[in-house]
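Here is a short set of exercises to work through with the model open beside you. Try each task first, then compare your route with the worked solution.

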Amino acid sequence: VRKVMKYQHLANPILDAFFSIIIFYTAKTLEFSLEETCATVILYISTPMWFSRFSMGPRILSFSPRLSGEIATNCFFILSFLPLQLHNFFTDVLAIFCCFFVLTSSKFGVQAILFLTPLICLLIGSFDPLLYLFISFLIATLLSKGTFLKSILKQLEFMKWYFKKNLKGEMHVSNRNKFGPNYAKRRSESLKTYLFRLMMLLFSENSFTGVILKLPLLLFVLLGIYFIGIDDNSVYFFAPVLAATIVYFCINIPQLLFLGEAERYLNHVAIFIVLSAIFLIRELNWETILYFIIFYGVCWILFEGIMIPKIFQEKNYQNEKDSEKIINYLKTLSKTVVLNFPFHACDGFYRVMTDTKHETVFIGGTISIEKKYAEKFSSKYPYVKLEKLDDMRNELGVRVVILHKLTVEQIMGINWKPSKRWNKVELNCVNHTLYVFN
């Protein structure tokens, strides 16, 4: 596991390079010129939505099934809808394999493929992909001896719980797309910290500003479709984009935010967005737009690659130093249960699991935990009810708690401390505090 974590930053770039080859082959097979084919790949590589670090959850810097699921879904739609020069039987088998891979490897991919496939079929008028989806579902159920079906039912149960919590406004995602006091500078934070937080809010926490800033290519494609309409040739490019856009706006309805980050559904039709863009540039003779979008993407790459590390190097350095001190200390303790507050404090609870022998608390990860402890201990993600820390010690076995100082001050108050049963460990950390149960 540690070797995987060490080289995880290479996983997604390798997958991205592989997908770029698929994009090149697809565009060439569709008889795009060499210049148009290369432009298609460059558009994909330079679009901020598909490389930016300003996103919710792990992206290009973390090992995750997320990107592989997105690529497999794109491939499923390519094989199902585009007129490729492949033997029909070979195409069918590959499409079923890609669909099977998504269903068995990515929970979000399951949602994406189930929401998008029927809608694209309806827009194009071809329903063979629904048969591929059914066959893939059947194979996954049979090969897993029913385990796959059980996992789907558990996912539905979790989504039901998530839906109810979202309606009450008790989940982190419940605040997505809301402008308010959270965008103002806090007294306790420096200007650099505020700028970083503001960028996260605009680029990641707000789906609408995130798409406008990170995926302007979609706005261009939708505008182009409005100008030229849809015919028998363009429907294969445009239908997946329109289907994903419809799903995007539906998921951004406050009551449906529990279904995940709406912009991620757009990632599952990324190849159709870039193919549509090149098709429209050819039809409308809008080469200037192409140069501008690529230039915009290059500027974003330079901004994230050069400016951000310089601006926030000190902040990241302090967090890294804190993490190393805390992890090294945890290694000296006998096996116990550790609580991170919030869950991503000190590089996250997963760092505790991978780098030490300890167990961690993550209320929100499994149905069994939710049923027993959610109402008592969980708060808005990624937090727990810290005032019930002693109860968590008794019922969950928590003996060590890692606290992010600024977060505790904002939520519990500047003078909050755990009960006298907890001893503070002096590690000279800048942003974190560690307590051990006495």
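The exercises below go from a sheet to helix pairs and then to a single residue, and the model they use is a predicted one.

**Exercise 1. Work out the strand order of the open sheet and find which strands are at its edges.**

Solution. Start with the order: the five strands of the open sheet are arranged 2-1-3-5-4, with mixed pairing. Next, look for strands that pair on one side only; these are strand 2 (359–360) and strand 4 (422–425), the edge strands.

Now take the pairings in turn. Strand 1 and strand 2 are parallel, joined over two bridges. Strand 1 (residues 337–341) is also parallel to strand 3 (residues 398–404), here over five bridges. Strand 3 and strand 5, by contrast, pair in the antiparallel sense, over five bridges.

**Exercise 2. Find the bridge partner of Val 337 in strand 2, and the residues opposite Val 337 and Leu 339 in strand 3.**

Solution. In strand 2, Val 337 is partnered by Glu 359. Towards strand 3, Val 337 faces Val 398. Moving along strand 1, Leu 339 is set opposite Val 401 of strand 3. For the antiparallel pair, a good check is His 404, whose bridge partner in strand 5 is His 432.

**Exercise 3. Which residues point each way from strand 1, and are they buried or exposed?**

Solution. Begin with the general pattern: side chains in a regular strand alternate between the two faces of the sheet. In strand 1, Val 337, Leu 339 and Phe 341 point one way, while Val 338 and Asn 340 point the other. All of these are buried, and strand 1 is accordingly described as mostly covered, with five of its five residues buried. For strand 3, five of the seven residues are buried, so strand 3 is largely enclosed by the rest of the structure.

Then see what lies across the strands. Helix 18 (residues 389–396) lies across strands 1, 3, 4 and 5 (432–437), at about 140° to strand 3. Helix 19 (residues 405–412) lies across strands 1, 3 and 5, at about 90° to strand 3.

**Exercise 4. Describe how helix 12 packs on helix 14.**

Solution. Two numbers come first: between helix 12 (residues 235–251) and helix 14 (residues 270–284) the angle is about 130°, and the axes are 9 Å apart. Because of that angle, helix 12 is oblique to helix 14. The crossing is left-handed. Helix 12 contributes Tyr 236, Phe 237, Phe 238, Pro 240 and Val 241 to the contact, and helix 14 contributes Phe 272, Ile 273, Leu 275, Ser 276, Phe 279 and Leu 280. Sorted by type, the contact has ten nonpolar residues, one polar and no charged.

**Exercise 5. Repeat the analysis for helix 5 and helix 6.**

Solution. Helix 5 (residues 88–105) and helix 6 (residues 107–124) pack at about 130°, with axes 6 Å apart. Helix 5 is therefore oblique to helix 6. From helix 5 come Cys 99, Val 102, Leu 103 and Ser 105; from helix 6 come Lys 107, Gly 109, Val 110 and Ile 113. These divide into five nonpolar, two polar and one charged.

**Exercise 6. Is Thr 37 buried or exposed, and what is Thr 37 in contact with?**

Solution. First locate Thr 37, in helix 3 (residues 34–46). Its relative accessibility is 0%, so Thr 37 counts as buried. Leaving aside neighbours within four places in sequence, Thr 37 is in contact with Phe 24, Ala 27, Lys 28 and Phe 32.

Terms used:
Residues numbered from 1 in each chain as written. Predicted model: local features only at pLDDT ≥ 70, side-chain atom pairs only at ≥ 80, totals over all residues. Heavy atoms only, no water. Pairing = 2+ DSSP bridges. Helix = DSSP H or I, 4+ residues; strand = E, 2+ residues; numbered from the N terminus. Contact = heavy atoms within 4.5 Å. Axes fitted to C-alpha atoms, helices over the stretch in contact; angles between N-to-C directions. Parallel < 35°, antiparallel > 145°, perpendicular 65-115°, else oblique. Left-handed = near helix turned anticlockwise from the far one by under 90°. Nonpolar A, V, L, I, M, F, W, Y, C, P; charged D, E, K, R; others polar. Buried < 20%, exposed > 50% of the residue type's maximum accessible area, 1.4 Å probe, protein only.
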